[in-house]
Structure formats: C-alpha cells, structure tokens
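Here is a friendly walk through one protein model. Keep the sequence and the 3D view at hand while you read.

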Amino acid sequence: SHTFLYVVESLGLNEGEVFNMYHEVPAIAAKDEFEMRLTAEVLDDSFSTETFDGAQTFLRNLIGYYLIMEGVFFYTGFVMVLSFHRRNLMTGIGEQFQYILRDETIHLNFGIDLINGIRTENPHLWTTEFQQDVVDRVREAVELEIAYAHDCLPRGILGLNGDLFREYVQHI
C-alpha cells in the first residue's frame, strides 16, 4: 500500500483518480462487477456442492475463475507490453512479463485440468444449457475486455490500438 502510494505520488498522478477508477471509468467498473459475479456463489457461507445445482454452480465458478479471469483477462492484460517487447520496445519489462505469463500459463493449465476432471467425473453437470451459459459468459468477458482496451487505447500507443487488441482478444 505504501509502495503503491509512493509510485502514484512520485509519478505525479492524481491519487483519487487512480484509487477510484474502479468506480469512475465505465469499462473498468463493468469488468470489475463482472469479475465479482464470476465467483460470488462459492464465497457465500451457505454454499454447498451437495446438490446438482450446487455442483454445477461450483463448476461454473471454477470456469469463471480459471478460464475467464486467468485465461481471457490475464492473457489479454499482457498483450500491450508483450506487443512492445516483440518489436524490441520496453524489452526489460517485456522479459519480466514473459516470466509472469509462464506462471499464469501454469495456473490456467491447472484450472483447465481441474475443470475437465470434474466434467469427466460428473458428465451430468455438463448440460447443453450449462455449456451455453459458459459460452455466453466468455463472450461477455471478451466484449468487456475489448471495451476496456478501447478505453485504455483511445488513440492507440506505439502501434497498438483498440482494433488490434480486439483481434488479439478474440484469438485468445
């Protein structure tokens, strides 16, 4: 907290703007609200996996966390710095992001293996309606990420713009 505040002050940034953007920037607020919904049920003290609905909700929350947060949001969060690094810009931080991405890939692979293991052991949970709900959530996540990119890159920066970001997010 102290370090973050030091960075904000040393760069001459507006502390209120930085700390409040989750509420004030529409694309960030929408993405934050969506992320909070992805795992809300498992954080409820009365949550249980003893029923069909509970087990399916658990699987849905795992998909929300691993596939959407770790897969869509984390991977696309790296695209800006990695695109600069690929063009020999910002090479130091680009190398650091490659190490972080390697770690995130391990998290994502673990999550996918966990989800597939549960799916294999409980095929009755993987209904057509459930699958459509998962697809709809992924599509919503992609659109939120694209809106976020357009807010971050309204005029583009160093050859990267919102349209290129859209292409990347849709690929991921």
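Is Glu143 buried, partly exposed or exposed? With a relative accessible area of 42%, Glu143 is partly exposed. Please keep in mind from here on that this is a predicted model.

**The overall picture**

The protein comes to 8 helices and 0 strands. Read from the N terminus, its elements run α-α-α-α-α-α-α-α. Along the principal axes, the C-alpha atoms fill a box of roughly 55 × 35 × 25 Å. For a feel of distances inside that box, take Ser48 and Arg155: these residues are 107 apart along the chain, and 47 Å separates their C-alpha atoms. Ser48 lies in the loop between α3 and α4 (52-77), and its relative accessibility of 32% makes Ser48 partly exposed.

Of the 172 residues in the protein, 34% are buried. The protein exposes about 10900 Å², and carbon and sulfur atoms supply 55% of that area. Looking at contacts between residues at least 6 apart in sequence, 65% join residues at least 24 apart.

**How the early helices pack**

Two packed helices are described by the angle between their axes and the distance between the axes. Helix α1 (residues 2-10) and helix α2 (residues 15-24) pack at about 125 degrees, and their axes are 9 Å apart. An angle between 115 and 145 degrees falls outside the perpendicular and antiparallel ranges, and α1 and α2 are therefore oblique to each other. On the α1 side, Phe4, Leu5 and Val8 take part; on the α2 side, they meet Glu15, Val18 and Phe19.

Next along the chain, α2 and α3 pack with axes 6 Å apart, at an angle of about 65 degrees. The two helices α2 and α3 are therefore roughly perpendicular to each other. Met21, Tyr22, His23 and Glu24 of α2 make this contact with Pro26, Ile28, Ala29 and Asp32 of α3.

**Salt bridges**

The structure holds 6 salt bridges. Three of them are listed here, with the N to O distance for each pair.

| Pair | Distance (N to O) |
|---|---|
| Glu33 and Arg37 | 2.8 Å |
| Asp133 and Arg137 | 3.4 Å |
| Arg166 and Glu143 | 4.0 Å |

Let us begin with the pair in α3. Glu33 and Arg37 are 4 residues apart in helix α3 (residues 26-38), so about one helical turn separates them. Glu33 is partly exposed at 40% relative accessibility, and Arg37 is partly exposed at 38%.

The pair in α7 follows a similar spacing in the sequence: Asp133 and Arg137 both lie in that helix, 4 residues apart, about one turn of the helix. How does the cover of these two residues compare with the 20% cut-off for buried? Asp133 has a relative accessible area of 25% and is partly exposed. Arg137 counts as buried because its relative accessibility is 18%, which is under 20%.

The pair of Arg166 and Glu143 meets in a salt bridge of 4.0 Å, N to O. This pair links distant parts of the chain, with Arg166 in helix α8 and Glu143 in helix α7, 23 residues apart. Arg166 is partly exposed, with a relative accessible area of 29%, and Glu143 is partly exposed at 42%. There is also a network: salt bridges that share partners join Glu33, Arg37 and Glu140 into one.

**A closer look at Arg137**

Which residues does Arg137 touch, leaving aside its neighbours within four places in sequence? Arg137, found in helix α7, is in contact with Phe34, Arg37, Leu38, Arg60 and Ile68. Arg37 in that list is the residue that forms a salt bridge with Glu33.

**A nonpolar patch on the surface**

Finally, turn the model to find Leu89, Met90, Ile93, Ile157 and Leu158, which make a nonpolar surface patch of about 410 Å². One of these residues, Leu158, sits in the loop between α7 (128-152) and α8 (162-171). The relative accessible area of Leu158 is 46%, so Leu158 counts as partly exposed.

Methods: Residues are numbered from 1 along each chain as its sequence is written. This is a predicted model: local features need pLDDT of at least 70, side-chain atom pairs count only at pLDDT 80 or more; totals for chains, interfaces and linings use all residues. Side-chain values use heavy atoms; hydrogens and water are left out. Patches are made of residues with over 30% relative accessible area and no salt bridge: like charges are joined within 9 Å, nonpolar side chains (Val, Leu, Ile, Met, Phe, Trp, Tyr) within 5 Å. Accessible areas come from the Shrake-Rupley method with a 1.4 Å probe; for residues, only the protein chains shown count as cover. A salt bridge is a side-chain nitrogen of Lys or Arg within 4 Å of a carboxyl oxygen of Asp or Glu. Buried means under 20% relative accessible area, exposed over 50%, partly exposed in between (1.4 Å probe, protein chains only). Axes are lines fitted to C-alpha atoms, for helices over the stretch in contact, and angles run from 0 to 180 degrees between N-to-C directions. Angles under 35 degrees count as roughly parallel, over 145 as roughly antiparallel, 65 to 115 as roughly perpendicular and the rest as oblique. Contact means heavy atoms within 4.5 Å.
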